[in-house]
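Hi everyone, thanks for coming. I'll walk you through one structure today, and please stop me if I go too fast.

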2 protein chains.
Amino acid sequence: MAMPTIYDVARHAGVSPATVSRVLNGRSTVDAGLRDRVNAAAAQLGYRPNSLARNLRRSTTNLWAVVISDINNPFFTALVRGVEDVGQGLGYSVVLCNSDENPDKEADYLRALLADQISGFIVSPTSRTENLAALHEAGRAVVAIDRRPRNLAVDTVLVDNEHGAREATTHLIEQGFRRIACITGPARLSTASRRLRGYRSALRAAGIEPDPALERHADFRQRGGYTAMANLLAARPAPDAVFVTNNLMTVGALECLADNDIRIPDQVGVVGFDDVPWATFIRPPLSTVTQPTYELGRTAATLLKARIDDPDRPPETATLHTTLHARASSRRP
Amino acid sequence: MAMPTIYDVARHAGVSPATVSRVLNGRSTVDAGLRDRVNAAAAQLGYRPNSLARNLRRSTTNLWAVVISDINNPFFTALVRGVEDVGQGLGYSVVLCNSDENPDKEADYLRALLADQISGFIVSPTSRTENLAALHEAGRAVVAIDRRPRNLAVDTVLVDNEHGAREATTHLIEQGFRRIACITGPARLSTASRRLRGYRSALRAAGIEPDPALERHADFRQRGGYTAMANLLAARPAPDAVFVTNNLMTVGALECLADNDIRIPDQVGVVGFDDVPWATFIRPPLSTVTQPTYELGRTAATLLKARIDDPDRPPETATLHTTLHARASSRRP
DNA sequence: CTGTCGCAAGAAACCGATTTCTCGTAAGGT
DNA sequence: ACCTTACGAGAAATCGGTTTCTTGCGACAG
């Protein structure tokens, strides 16, 4: 019932607890005979070290916290999976927290976790940088993911948002679309503004002046995408294509187009950012800019480990690349 | 830089650490003047108790572990969110583990977590019950979710799988479909077998003898659903409808039908188990049996708390209800 | 033969809280 | 006025490990 302690093992092997600790951690040379006796005793009793006690003494833990902004978004869950797989391999467990894009909730979580001796943080930061800055100043290992925190030099993992957006928009232009709209996220998030910038720069490169009447900021969720699309449909002259900068908003936009019996791509061409599992089998198949989500998580975890091992290394930004999958939703007949 | 300890607060307030502890936990009566001084000192120093030390002394933690079998499945992530929201309200953090439907990986996780003084476990068990049984025998609070563990009396949260499946199948029959196929999950999982049983019982109730040639066991993933569907299409006479018992396999089945240019519901009617965000806007809209996923998580968390507070209460099984959303994919023209 | 050095292993301190034990003071009863 | 009782608050033990300090033994050099 009660777990055996290191004292039980010591007594059982006829040595001191210090020696047991030394054997189990392999830090110091111990007589081979004693070592075997300790190992045998530990095995026999089914001893497992109490990590609370160990971590209290070492003042660290084997926990990582991942704070994401929307647990309902498959983008973030795939990312968590990447983090988890790497962490697991290195002996860390992952605590998952969902900030819901709410800076106060994020602050609550981080404040609580700060007291928990968590050894590393991977955060998709909300707009308010102070939360992350506080962690960083407290000397904790921090990696920002998906979004670039303003005015804060921490390790960061991003995708090349501007390039991805430019590629998507250029593709629409090449297909002959001219009045191309863009539904992007909250202006305060770098992800949203970079993608918007890429969209605009593609238009300009093709000699089309970006029209503010065709740009919408929504909330990166399904509902917001629906509303923004409905809103765009009322614009005159109406857009003939739309570039939607995340997966959930793309779902909303498609739902809106379906509700209004608008044919894709004849009446409106569509390209979405982020992959979705059903992109290929809906009719028409959906064109997407896919991100290496799982790899983003793995990269963040790797950077976090490097930061923990060497807190003084200069901060690094890893930028991964997106891939355009052009399918029928953006193809001019 | 270094976090202040209870000794710092005590010194600052001119009292003993014991008194600080008493004030902060509100367990005992303390002179109002001292109380205010302690609170002021704690606030001024920004004191947060070190949870490692607290938990070591109390020999418990404020951590819950949720072990799910597929983090890529939105069903499980919605569920985790329900757990997390309740846990957060009660002061628990949630550690997320992904067993990937692999009993060995599950065993590794649970063994590691057992040493971590985790105070509660919510697990969607793989087929091997021993892992869960070990936890239970070690006296830990455990709640099984989504699947009923064989031969193990622990708190369990389920949906009424048999009823949901019967309702879906009956609906297909009422719409005039006759050769109704079923793609279900691994036979060893109660979820899969119960849904299959509900399907069969609906057929029998309508005077149709279940045909083994129309039943397929796959792996609850997209790929498996695709293969099973392809396989079913080769059956002679071919099925005129299919009931798919989870969301990811439904995606695979739909993909397969699309690849083979099979019209839904004219050639094959479709009903899926589990909701998906895009059910309403694909053409035709997808009929689904939805589960109250978020509520499942909340219920599991509530049961877990009750179990932690009273380890001796008799095990309880909560069964939540599914809802059939009949849409165009299952409607005979 | 003796003094020094190295090293293995036990003893004890420590991490930072909570909780039990102890003591002193004030209140209340006779 | 004195003795008992209650209670508030400090001292010290405790949780279970790790790490530093100390000790004792054997080896080796002078």
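How many residue pairs are in polar contact across the interface of chain A and chain B? The rule finds 10 of them, counting pairs where both residues are at pLDDT 80 or more. And that brings up something to say right away: what you're looking at is a predicted model.

Okay, let's stay with the two protein chains for a bit. On the chain A side, 55 residues are in contact with chain B, and 54 residues of chain B are in contact with chain A. Put together, the two chains bury about 4400 Å² between them, and 56% of that is on carbon and sulfur atoms. If you want names to look for in chain A, try Leu52(A), Arg81(A) and Phe281(A): they lose the most area to chain B, and together they make up 16% of what that side buries.

Now the charged pairs. The rule finds 4 salt bridges across this interface. One of the pairs that you can click on is Lys105(B) with Asp85(A), which form a salt bridge where the closest N and O atoms are 4.0 Å apart.

Which parts of chain A supply the side that touches chain B? Five elements each give at least two residues: the helices α4 (51–58), α5 (74–90), α6 (103–114) and α11 (247–259), plus the strand β2 (93–98). The largest share comes from α5(A), with 7 residues. Sorted by class, that side of chain A has 26 nonpolar, 15 polar and 14 charged residues.

Right, on to the DNA. Let's take strand D to begin with. There are 27 residues around DNA strand D, and the closest are Ile6(A) and Tyr47(A) from one chain, with Thr19(B), Thr29(B) and Asp31(B) from the other. Which part of the strand do they meet? Of the strand D atoms within 4 Å of the protein, 61% belong to sugar or phosphate, and the rest belong to bases.

You can see some of that up close. Thr19(B) has a polar side-chain atom 2.4 Å from a phosphate oxygen of strand D. Thr29(B) also has a side-chain N or O atom by a phosphate oxygen of strand D, at 2.5 Å. Asn50(A) uses its backbone instead: an N or O atom there is 3.4 Å from a sugar or linking oxygen of DNA strand D.

As for where this surface comes from, look at α1 (6–13), α2 (17–25) and α4 in chain A, and α2 (17–25) and α4 (51–58) in chain B; each of these supplies at least two residues near strand D. By class, we get 12 nonpolar, 7 polar and 8 charged.

Next, strand C. Here, 27 residues surround the strand, and the closest are Thr19(A), Asp31(A), Ile6(B), Ser21(B) and Arg57(B). Sugar and phosphate account for 65% of the strand C atoms that come within 4 Å of the protein.

What does Arg57(A) reach with its side chain? A base oxygen of DNA strand C, 3.0 Å from one of its polar side-chain atoms. In the other chain, Arg57(B) has a polar side-chain atom 2.6 Å from a base oxygen of strand C. Arg54(B), on the other hand, goes to the backbone of the DNA, with a polar side-chain atom 2.9 Å from a phosphate oxygen of strand C.

The strand C surface draws at least two residues from each of α2 and α4 of chain A, and from each of α1 (6–13), α2 and α4 of chain B. Its residues divide into 11 nonpolar, 7 polar and 9 charged.

A quick word on annotation. UniProt, in an unreviewed entry, places a "domain: HTH lacI-type" feature at residues 4–58 of chain A. In the model, that stretch is 71% helix and 0% strand, with its end C-alpha atoms 21 Å apart.

Last bit: some backbone oddities. Most residues other than glycine have a negative phi, and most peptide bonds are trans. Now find the bond from Ile264(A) to Pro265(A): that one is cis, with omega near 0°. Pro265(A) sits in the loop between α11 and β9 (269–273) of chain A. In chain B, the bond from Ile264(B) to Pro265(B) is cis too, with omega near 0°. And Glu101(A), in the loop between β2 and α6 of chain A, has a positive phi, near 65°.

That's my tour. Any questions?

Technical notes: Residues numbered from 1 in each chain as written. Chains lettered and ligands numbered in written order. Predicted model: local features only at pLDDT ≥ 70, side-chain atom pairs only at ≥ 80, totals over all residues. Heavy atoms only, no water. Contact = heavy atoms within 4.5 Å. Buried area = accessible area lost by both parts, 1.4 Å probe. Salt bridge = Lys/Arg side-chain N within 4 Å of Asp/Glu carboxyl O. Polar contact = N/O pair within 3.5 Å; in protein donor to acceptor, adjacent residues only side chain to side chain. Helix = DSSP H or I, 4+ residues; strand = E, 2+ residues; numbered from the N terminus. Nonpolar A, V, L, I, M, F, W, Y, C, P; charged D, E, K, R; others polar. Near = heavy atom within 4 Å. UniProt positions renumbered as here; feature names shortened; annotations may be inferred.
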